[in-house]
2 protein chains.
Amino acid sequence: MGFEGADLEKILDAFVSIEFKKNEFVVEEGKIAKYIGFVESGMFQYYVTLDGEERTTYINIENTFLGSLLSFVTQKPSLENIRSLTDGKISLISRTNLKRLVEELPLFKDFYITLLEHTICGIDATRHDLIVLSGEARYAKMLREEPHLLQQIPLQYLASMLGVTPRHLSRIRSQIR
Amino acid sequence: MGFEGADLEKILDAFVSIEFKKNEFVVEEGKIAKYIGFVESGMFQYYVTLDGEERTTYINIENTFLGSLLSFVTQKPSLENIRSLTDGKISLISRTNLKRLVEELPLFKDFYITLLEHTICGIDATRHDLIVLSGEARYAKMLREEPHLLQQIPLQYLASMLGVTPRHLSRIRSQIR
DNA sequence: ATCATTTCTGGACATTTGTCTAGTATCTTC
DNA sequence: GAAGATACTAGACAAATGTCCAGAAATGAT
């Protein structure tokens, strides 16, 4: 991030690195998300339960930004769960620590603004694709732009993220071969 | 926003209020989005052209935040168009003016952070619904939560925003009656 | 290695959604 | 208020996608 000396120390002190075993909750539906963070290692699944069925809405891997945004921002109970699909490690920061850093370190505030701006762009692009592209086109785009993700994510979850059933993803994949 | 005196004046000076006739571009595909803003009046449509067909991805009405985020943030050519569907008025701010306000007015910086955080939540909720809900459920939700929007938006555009065809939206509407 | 468990694929059929199209209704403009 | 343009609805059929299911493949535990 380009931080140095006392500032860097302040920042590092505000984060706490937590290890997760496979299948542990990072955020649980109904509870308030106290932290957001960066995935250092492992894979984390966002999902909701709908008519008794789990629907995956997103998956984080290494070096990406993780959190139940709505709950963290509003400090209301989360609507979604985040759970580890593998063992892993996340560098977490609480809302109060985040606010303190943003207040005390002008450079960190700028960093946070940039992070938010780019997060918006990423989420909005996904929303856009969900409206405009077919399931097949979304899979093809992912194959083109994020092949590393595709190799790691179990297909059942990938299907759900793409907004299709596993049955249909299997069809899409056989078409593309 | 709760600003006063010299600060308020600085802020007001940074924005410029522009009137649009029906069917004018606010942002055009291929051009860099120099401004973002708030809609004071009128209705504005976001769309892309795909296989010669226009696909609506979003619609702004009064008192909402408008802009081609990806282009404004990255200062690269916009992938989408924004156009007025009615006569209207937008209060616009350029990227440089926005950055200046954020630098010079700590309160404005906080305001901007809050705006970004809430914008993320809104977009993410929409993304979520596109993955998890059916077209019919998305329409029903909109009917429940934003009936005023529903009354104003022409159905052809609404259909596209919901990710379905006008033919299908017509079916959904007749089911719900 | 073996067995059990989970994940992936694909057939058969059902349902949903899209395409094409025409008729009706609504809105504009003169 | 008549004529033309635009928007909405809906029938008939086609294509896309889902459901249910069973077998194959991969993974994990002993």
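Start with the two chains together: select helix 4 (residues 106-132) of chain A and helix 4 (residues 106-132) of chain B, which pack at an angle of about 25° with their axes 9 Å apart. Keep in mind as you look around that this is a predicted model. Angles under 35 degrees count as roughly parallel, so helix 4 of chain A and helix 4 of chain B are roughly parallel to each other. Turn the view until one helix lies in front of the other, and you can follow the left-handed crossing of helix 4 of chain A with helix 4 of chain B. Now colour the contact between these two helices by residue class: 14 residues are nonpolar, four are polar and eight are charged.

Next, stay with chain B and select helix 1 (residues 5-14) and helix 3 (residues 95-104). Here the packing angle is about 165°, and the axes are 10 Å apart. Since angles over 145 degrees count as roughly antiparallel, helix 1 of chain B and helix 3 of chain B are described that way. Their crossing is left-handed. To see the contact itself, show the side chains of Lys10(B), Ile11(B) and Ala14(B) on helix 1 of chain B, then add Asn97(B), Arg100(B), Leu101(B) and Glu104(B) on helix 3 of chain B. By class, this contact has three nonpolar residues, one polar residue and three charged residues.

Now over to the DNA. Which residues come nearest to DNA strand C? Select Leu155(A), Gln156(A), Ser174(A), Arg167(B) and His168(B), the nearest of the 15 residues around the strand. Both chains take part: helix 7 (155-162) and helix 8 (166-176) of chain A, and helix 5 (135-145) and helix 8 (166-176) of chain B, each give two or more residues to this surface. Highlight helix 8 of chain A in its own colour, as its five residues make up the largest share of the surface near DNA strand C. Colouring that surface by class gives four nonpolar, seven polar and four charged residues.

For the last stop, go to chain A and display its strands. Four of them form an open sheet in the order 1-8-3-6, with antiparallel pairing. At the edges are strand 1 (15-20) and strand 6 (65-66) of chain A, each pairing on one side only. Zoom in on strand 6 of chain A, where strand 3 (residues 35-41) of chain A pairs with it in the antiparallel sense over two bridges. To finish, pick Phe38(A) and look across to strand 6 of chain A: the bridge partner there is Phe65(A).

Terms used
Residues numbered from 1 in each chain as written. Chains lettered and ligands numbered in written order. Predicted model: local features only at pLDDT ≥ 70, side-chain atom pairs only at ≥ 80, totals over all residues. Axes fitted to C-alpha atoms, helices over the stretch in contact; angles between N-to-C directions. Helix = DSSP H or I, 4+ residues; strand = E, 2+ residues; numbered from the N terminus. Parallel < 35°, antiparallel > 145°, perpendicular 65-115°, else oblique. Left-handed = near helix turned anticlockwise from the far one by under 90°. Contact = placed C-beta atoms within 7 Å. Nonpolar A, V, L, I, M, F, W, Y, C, P; charged D, E, K, R; others polar. Near = placed C-beta within 6 Å. Pairing = 2+ DSSP bridges.
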